[in-house]
Each structure stands twice: as structure tokens, then as C-alpha cells.
Amino acid sequence: MTDQSTPFKPTADLAEIKRMIPHRYPFLLIDKVRDMVEGKFAIGIKNVTANEPHFEGHFPQEAVMPGVLQIEALAQTSAVLVSASMGLIDKSALVYFMTVDECRFRRKVVPGDVLELHVTTIRGRGKVWKFKGEARVDGELATECVFAAMIVPPEEG
């Protein structure tokens with residue numbers, strides 16, 4: 001699935017993530033991606049810290065990571081998987097949400113948690129991909145959803 005000039009790697013550190021997706025602080029919500037299986041599966045890692053800007057206004061007396069940001073972190077993990085699988089590193093491709101379905105929030109995510117973002121490809125072909133996402137803390141399910149996204153080359157953006 002990858003371009004012949006770009007070998008597939010099962011991991012991506014922060015520097016590599018920044019070469020694959022356009023997000024930057026404060027909206028880059030993943031720190032690394034591991035256990036990638038080309039075109040099929042990946043686990044993103046988000047170290048949740050108290051100094052993140054959303055905690056100032058999202059229940060400041062009891063900091064809770066907003067669910068929408070957990071979904072965004074799942075989407076960023078899937079974007080790295082697709083970029084790595086399709087050989088799109090340094091190509092400035094954009095990824096746009098199309099749908100979010102069957103979303104459930106099961107537990108709070110708070111500063112100090114390590115959020116594991118499990119994404120599994122349901123359908124992946126061409127520009128449109130669909131995923132099952134699960135965000136977990138210490139093995140416990142925090143958030144789950146099914147979502148679809150469109151990969152757009154920069155010349156079409």
C-alpha cells in the first residue's frame with residue numbers, strides 16, 4: 001500500500017507525526033503512534049497533562065478532557081495510520097471528518113492519564129476511510145465511536 005520510496009514503519013514519534021498531519025500545538029493531540037499494521041490498525045498515545053489550555057475552562061474545579069478532543073485524538077491517530085500506509089509523509093495531505101457515529105463516553109479522562117487511542121480500519125480505499133475508535137486509560141474503555149474521514153491531497157484542498 002505504501003509508495004515504494006517510503007518504507008512502512010510500525011511507529012511514529014512526534015517529529016514524524018508532524019510530517020504526516022498538519023496539526024500543531026495546542027491542537028496536536030497525540031504524542032506518538034505505535035503498533036501500526038499497514039492500512040489496518042494503530043495505537044496513538046496521548047499523555048494528558050494539567051497545563052493543556054482546555055482545562056482552564058472545562059470544569060476548572062475538576063479537570064476533565066473534553067470528549068470531542070478525545071474523538072479528535074482518535075482521528076489524528078487514524079490520519080497518521082493512513083499517511084504512513086499510503087506513503088504520504090511530507091505530502092501535506094489534509095484529512096477532513098465526514099461522520100462520527102455510535103459515540104459513547106464511558107469514563108472521565110483527567111490530567112495524569114495516558115490515553116491509548118486504538119483505531120481499526122473498517123473500510124479504507126481511495127480518499128474515504130472509515131474507522132472504529134476506542135480511547136482507553138489503563139485498559140479501561142473511556143470513549144468509543146465509528147468515524148469516517150476523507151484524505152485530500154493539497155492540490156485539491
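**Exercise 1. Work out the surroundings of T121.**

Start with the neighbours: T121 touches G39, K40, L81, W129, K130 and F131, once residues up to four places away in sequence are set aside. Keep in mind that this is a predicted model.

Step 1. Place the residue: T121 sits in strand β4.

Step 2. Check the burial. T121 has a relative accessible area of 18%, so it counts as buried; the cut-off for that class is under 20%.

Step 3. Look at what the side chain does. The T121 side chain reaches the backbone oxygen of G39 at 3.0 Å, and G39 is also among the contacts of T121.

**Exercise 2. Find the polar partner of T143, and say whether T143 is buried or exposed.**

Step 1. T143 belongs to strand β6.

Step 2. With a relative accessibility of 0%, T143 is buried.

Step 3. The partner is Q70: the two side chains make a polar contact at 2.5 Å.

Step 4. Now widen the view. Beyond four places in sequence, T143 touches Q70, I71, R104, F105, G133, E134 and A135.

**Exercise 3. Decide why C103 and C145 are not joined by a disulfide.**

Step 1. Search the whole structure for disulfides, and you get 0.

Step 2. Take C103. Its closest cysteine sulfur is that of C145, and at 4.9 Å this is too far for a bond. A disulfide would need the two sulfurs within 2.5 Å.

Step 3. Run it from the other end, and C145 likewise has C103 as the closest cysteine sulfur, at 4.9 Å.

Step 4. Compare the settings: C103 is partly exposed at 23% relative accessibility, while C145 is buried at 0%.

**Exercise 4. Describe the aromatic pair F97 and F147, and say which parts of the chain it ties together.**

Step 1. Recall what you need to report: a pair of aromatic rings is described by the distance of the centres and the angle of the planes.

Step 2. Count the pairs in the whole structure: there are 3. In the pair made by F97 and F147, the centres are 6.1 Å apart and the planes make an angle of 80°, which is edge-to-face.

Step 3. Since F97 lies in strand β3 and F147 in strand β6, the pair ties together parts that are 50 residues apart in sequence.

Step 4. Check the exposure of each ring's residue. F97 is partly exposed at 37% relative accessibility, whereas F147 is buried at 1%.

Step 5. Put the pair in context: F97 and F147 join W129 and F131 in one aromatic cluster.

Step 6. Add another residue of β3. T99 is in this strand and is partly exposed at 34%. Neighbours within four places aside, T99 is in contact with V146, F147 and A148. The C-alpha atoms of T99 and K130 are separated by 8.9 Å, with their positions 31 residues apart along the chain.

**Exercise 5. Which elements supply the largest nonpolar core?**

Step 1. As background, nonpolar side chains in soluble globular proteins tend to be buried together.

Step 2. Here the largest nonpolar core has 37 residues, and those with the most contacts inside it are I17, I21, I30, V33, M36, V80 and L115.

Step 3. At least two residues each come from α1, β1, α2, β4, β5 and β6. The largest share is from α2, with 10 residues.

Step 4. Zoom in on I17. Past four places in sequence, I17 touches A12, L28, I30, D31, K32, V33 and V80.

**Exercise 6. Track down the backbone oddities at P26, E102 and D138.**

Step 1. The Y25 to P26 peptide bond is cis, with omega near 10°. P26 lies in the loop between α1 and β1.

Step 2. E102 is not a glycine, yet its phi is positive, about 50°. E102 is in strand β3 and is exposed at 59% relative accessibility.

Step 3. D138 also has a positive phi, near 50°. D138 sits in the loop between β5 and β6, and it is exposed with a relative accessible area of 77%.

**Exercise 7. Locate the annotated residue H58.**

Step 1. UniProt, in an unreviewed entry, lists H58 under "active site".

Step 2. H58 is in the loop between β2 and α2, partly exposed at 24% relative accessibility.

Step 3. Beyond four places in sequence, its contacts are A63, V64, M65 and P66.

Technical notes
Residues numbered from 1 in each chain as written. Predicted model: local features only at pLDDT ≥ 70, side-chain atom pairs only at ≥ 80, totals over all residues. Heavy atoms only, no water. UniProt positions renumbered as here; feature names shortened; annotations may be inferred. Helix = DSSP H or I, 4+ residues; strand = E, 2+ residues; numbered from the N terminus. Buried < 20%, exposed > 50% of the residue type's maximum accessible area, 1.4 Å probe, protein only. Contact = heavy atoms within 4.5 Å. Phe/Tyr/Trp six-rings, centres within 6.5 Å; stacked < 30°, edge-to-face > 60°. Polar contact = N/O pair within 3.5 Å; in protein donor to acceptor, adjacent residues only side chain to side chain. Core = buried A, V, L, I, M, F, W, Y, C linked by side-chain atoms within 4.5 Å.
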